Amino acid sequence: MTDAQTAATRIAQLRSDLDQHNYRYHVLDEPSIPDAEYDRLFHELKALEAEHPELVTPDSPTQRVGSLALSAFGEVKHEVPMLSLGNAFAEDDLRDFDRRVREGLADELPAGDLFGGGASVEYSCEPKLDGLAVSLLYRDGQLVRGATRGDGSTGEDISVNVRTVRNIPLKLQGTGWPAVLEVRGEVFMSRAGFERLNASQLEQGGKTFANPRNAAAGSLRQLDSSITAKRPLEFCCYGIGQVQGELPDTHVGILNALKAWGMPISRELKLAKGADECLDYYRDIGERRDALPYEIDGVVFKVNNLAWQRELGFRAREPRWAIAHKFPASEELTELLAVEFQVGRTGAVTPVARLRPVKVAGVMVANATLHNMDEVARLGVMVGDTVIIRRAGDVIPQVVQVVLDRRPADAKPVEVPQNCPVCGSHVERTQLIKRSKGRETVSEGAVYRCVGRLACGAQLKQAIIHFVSRRAMDIEGLGDKSVEQLVDEGLIHSPADLYKLTFEQIVELEGFAELSSKNLLAAIENSRKPELARFIFALGIPDVGEETAKVLARSLASLQRIKQALPEVLTYLPDVGLEVAYEIHEFFSDSHNQTVIDQLEQVLDIQGQGELGAEYAASTTLAGLIDKLHIASVGPTGAKTLAAKFDESLEKLLAADWLDLRQTLSEKPANAVRDFFAVAENRDRALKIEAQLRDFGMHWQSEKRVVEGLPLAGQTWVLTGSLEIMSRDIAKEKLESLGAKVAGSVSAKTTCVVAGPGAGSKLAKANELGVKVLDEAEFLKALEGFGIGVA
Ligand code: NAD
């Protein structure tokens, strides 16, 4: 093949590829390659055509703008064509542009002297917003039409849609505007708007956008304008098209006039004299690029004098008087070499993309986040794929898209490891519990987590920082830095190792002296007798805060029971849903955690363990159990009816035949109960829950007795005003442990009201009804009478 033939073949290939990419980008708003890659192909074509001018045809992408308009919209003919812009990538390209401008204006510019190249040209400087070009036509100051650029001569009629863009004036302000005025500018989406839109799209299971440009284009070119109206679009004006009337004679003059008529223009608009000042502007905006609230892909320089613009005129697809000086691309192509899994401080196991290193927006990128497995599935990414990487602002580089055309035959799916890469504990998928009509259903969440909270090196620092914190074990004097040092130097491998630390080891730590070391040792020693609730909170079980820890301690009242409790048994506790119940159960089921808890039990003397809480014991009814089994068509009322019918005995319920069930329930739930218990697994689960409840020392039959045996059984107390020595929560807890019910309002049935300072209407009501009232001191005294101390 001759050189010309090879060039012709390559040119044909490039044209067909670029046409395809143009169509995807301009018409579908779904490019499959990053702009940088498109620009490379475009420049390859331009260079080949320059070498072989005989091969240039009018339909080449180098001679045309954009792509044909989408026929679903009406057509708009542009009176003045909407063109593209030439590009400068390097400083030299910009200097060449300036030289060409000066050559083109040789007759207008004063001649240079012996030392200089002549007078410099004045340029307007604006950021190049990355959105899509829009034309807005105003007649007598009223917005009458909006259009896209399309192929430059014919665009799409998007009049309805542009009216929904908040900062596009429907009517021009002031006076003096031309009778016919076509304003041109960019519709774009701010970074914040883009993030918000994608987040809400994700939430609603909709399509997310790879970047703000695609989001803006996809939002504006909607056939349903109510969708456009919901999208955070903005407009920025940068020029004009057809005009009937008077306008200033410079570009900047026109933009300022437009601004006075209510048109948004760029705050960054400036004037520069000559190439050097243009380059200063380019560098200044470049430095601030990441801090701007919107994305830009370069800056645009335009000859400011309109008469000179007319003199310079146009080439095929771009004006000779303007140029876009591009910044390094924020999206690039590279290969996904592997996906590794990282364990975060909270145990979340997240996929990280290992990439063939590539320069993105001026920085080498070798890793990118993949967020979670839902994201991996959404992207449909496989190891070996060619992917688009995006790095915008300070955001961590992201994989935004897969180039499916380039998927190799041996691409491999991304798989989550079964065991934690750091500690070997099981990796669990988090459970999501959905509640609807009182039913709870478990589904799989997007996050995977290493369950070895206490034993995992990746989580250890975080676990210990939490363990020693004030509301947990309250070991004063051990700051985050010291914990990190202790772990880094291998002095502690688990929270239990804290109790083995010696004076010599501590005094060696940064920031410790003799006295502080002694104090720390004393603080550690002082923490050896924690209350059960504190201890549970200190373990750092996911989703178990102080309140839940207190509830666990108060209700189950022994570490042993908490460790063993089945998820369903845990859901009897106030405010413990299935989600948390599963977390607790999984935490204690993990053997790595068990080992650490065993070690802790050996060095600690955990307080506050004993009998089951009265309130909890009373809450475990057979009806509750039936309800927790989530049998289809059987709600809380059906569960109560069944429990009563079968004498509060699960055994009798399991032995019931369909006729027995039918006597109590209507046909549908009766069938559901029969079918449910016909499954061995369901029977076993129900029996297991019952056995555990029995083992914990309670059973529905004995519920009354447990409370009846307590000194305040049958009484109703009300707490009001602020208590100063004992918090309201603790007071409530103490009263309940004595068998009293603590109510929120005073009635004739109230036994006693405890009123602290600031008590208002409840105290008044108590007085009115003649209910007994105690102040805090009297209340504490009364508690003491039952053997309950204040601490
Ligand atoms: P362009 O985007 O490089 O430049 C022209 C456009 O710049 C104008 O139409 C206008 O919308 C915009 N602009 C922003 N600020 C401006 C300002 N202050 N003054 C004037 N114009 C301003 O050129 P183009 O012809 O619209 O498209 C080419 C671009 O699109 C390239 O960046 C290319 O990479 C990208 N593209 C990408 C793909 C792909 O597949 N990824 C396909 C086609 C095009």
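This is a short tour of a predicted model, with something to select at each stop.

**Stop 1: a five-stranded sheet**

Start by selecting residues 296–303, which make up strand β10. Now add residues 322–326, strand β11. These two run antiparallel to each other and are paired over five bridges. To see one opposing pair, pick Val-299 and look across to His-325 in β11. What holds such neighbours together? Strands of a sheet pair through backbone hydrogen bonds, in either a parallel or an antiparallel way.

Next, bring in the rest of the sheet. It is an open one with five strands, and if you walk across it you meet β2, β11, β10, β3 and β9 in that order. The pairing is mixed. Which strands sit at the edges? They are β2 (86–88) and β9 (270–273), each with a partner on one side only. Turn the view as you go across: from one strand to the next, the twist averages 35°.

Keep the sheet on screen and select helix α9, residues 274–288. This helix packs on the sheet, touching β3 (122–129), β9, β10 and β11. Its direction makes about 140° with that of β9.

**Stop 2: the annotated binding-site residues**

Now for some positions taken from a record. An unreviewed UniProt entry carries a "binding site" annotation that includes Asp-35, Asp-39, Glu-126, Glu-186, Lys-302 and Lys-326, among others. Where do the annotated residues lie relative to each other? The farthest two C-alpha atoms are 26.0 Å apart, so the residues do not all gather at one spot. Along the sequence, they span 292 residues.

Zoom in on Asp-39, in helix α2 (residues 35–51). Is Asp-39 buried or exposed? Its relative accessibility is 14%, and since buried means under 20%, Asp-39 counts as buried. Leaving out residues up to four places away in sequence, Asp-39 touches Phe-89 and Lys-326. Lys-326 is itself one of the annotated positions.

Then jump to Glu-186, in strand β7 (residues 180–189). At 10% relative accessibility, Glu-186 is buried as well. Beyond the residues up to four places away in sequence, its contacts include Leu-129, Gly-131, Glu-234, Phe-235 and Tyr-238. Look closely at Gly-131: its backbone nitrogen is 2.9 Å from a polar atom of the Glu-186 side chain.

**Stop 3: two nonpolar cores**

Select Leu-498 and Ile-536. Within the largest nonpolar core, which has 88 residues, these two have the most contacts. Show what surrounds Leu-498: setting aside neighbours within four places in sequence, you'll find Ile-464, Phe-467, Val-468, Ile-475, Leu-478, Ile-492 and Ile-524 in contact with Leu-498. Apart from this core lies another, with 36 residues, including Ile-158, Leu-197, Ala-215 and Leu-220.

**Stop 4: a four-stranded sheet**

Finally, head for an open sheet of four parallel-paired strands, in the order β20-β19-β21-β22. Here the edges are β20 (741–743) and β22 (772–774). The twist averages 30° between one strand and the next.

Select β21 (residues 752–755) together with β22: they pair in the parallel sense over three bridges. Val-753 stands opposite Val-773 in β22.

Two helices finish the picture. Helix α30 (residues 728–737) lies across β19 (716–720) and β20, at about 170° to β19. Helix α32 (residues 776–785) lies across β19, β21 and β22, at about 95° to β22.

Note on methods: Residues numbered from 1 in each chain as written. Predicted model: local features only at pLDDT ≥ 70, side-chain atom pairs only at ≥ 80, totals over all residues. Heavy atoms only, no water. Pairing = 2+ DSSP bridges. Axes fitted to C-alpha atoms, helices over the stretch in contact; angles between N-to-C directions. Contact = heavy atoms within 4.5 Å. Core = buried A, V, L, I, M, F, W, Y, C linked by side-chain atoms within 4.5 Å. Buried < 20%, exposed > 50% of the residue type's maximum accessible area, 1.4 Å probe, protein only. UniProt positions renumbered as here; feature names shortened; annotations may be inferred. Polar contact = N/O pair within 3.5 Å; in protein donor to acceptor, adjacent residues only side chain to side chain.
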